[in-house]
Amino acid sequence: MSKRQNDNLSMKEALSAFIQKNKLEKGMDKVNANDAWVRLMGNGVNNYTTAVELRNDTLYISLSSSVLREELSLGKSKIISMMNEELGKDLIKKLILR
């Protein structure tokens, strides 16, 4: 059984300590990347998005519209920088639209 801490922690601090102790950062990064995509791209793009997946440092986006895929491919570097800014860390290095 783990030792009880007598420090008063805020909920945010307690959750971040729990995530770090149990090595859940990668899973949380995947969830946060999905949420960031939804927030940044808006309803127009999200209607055509079928899957968002983060593997290592690559973000895979599956789109049902080839026209939208081509349009987004022109601004990959801007999308990567916007996503990293939204996530608060340099997490995404490569974007693959499929």
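How many bridges pair β1 and β2, and in which sense, parallel or antiparallel? The pairing of β1 and β2 is antiparallel and runs over six bridges, where strands count as paired if DSSP finds at least two bridges between them.

1. Basis of the note. This is a predicted model, in which local features need pLDDT of at least 70 and side-chain atom pairs count only at pLDDT 80 or more, while totals for chains, interfaces and linings use all residues. Residues are numbered from 1 along each chain as its sequence is written, and side-chain values use heavy atoms, with hydrogens and water left out.

2. Overall layout. The chain holds four helices and three strands, which follow one another from the N terminus as α-α-β-β-α-α-β; helices (H or I, at least four residues) and strands (E, at least two) are DSSP runs, numbered from the N terminus. The radius of gyration of the chain is 17 Å, well over the 13 Å that the globule rule gives for 98 residues, so the chain is more spread out than a compact globule; the radius is taken over C-alpha atoms, and the rule is 2.2 Å times the number of residues to the power 0.38. The C-alpha trace spans about 55 × 25 × 20 Å along its principal axes.

3. The sheet. The three strands make an open sheet with the order β1-β2-β3 and mixed pairing, in which β1 (49-55) and β3 are the edge strands, each pairing on one side only. Within the β1 and β2 pair, Val52 has Ile61 of β2 as its bridge partner.

4. Helix α4. For the 12 residues of α4 (residues 76-87), a span of 16 Å is expected at 1.5 Å a residue, and the end C-alpha atoms are 16 Å apart, which agrees; the expected span is 1.5 Å times one less than the number of residues. The buried residues of this helix are Ile79, Ile80, Met83, Asn84 and Leu87, where buried means under 20% relative accessible area, exposed over 50% and partly exposed in between (1.4 Å probe, protein chains only). The face of α4 turned away from its buried side carries the exposed residues Ser77, Lys78 and Glu85.

5. Packing of α4. Its buried residues pack against α2 (25-46), β2 (58-63), α3 (66-73) and β3 (94-97), with contact meaning heavy atoms within 4.5 Å. After α4 comes Gly88, which has a positive phi near 85°.

6. A buried acidic position. Asp29 lies in helix α2 and counts as buried because its relative accessibility is 11%. Leaving aside residues up to four places away in sequence, Asp29 touches Leu54, Lys89 and Leu91.
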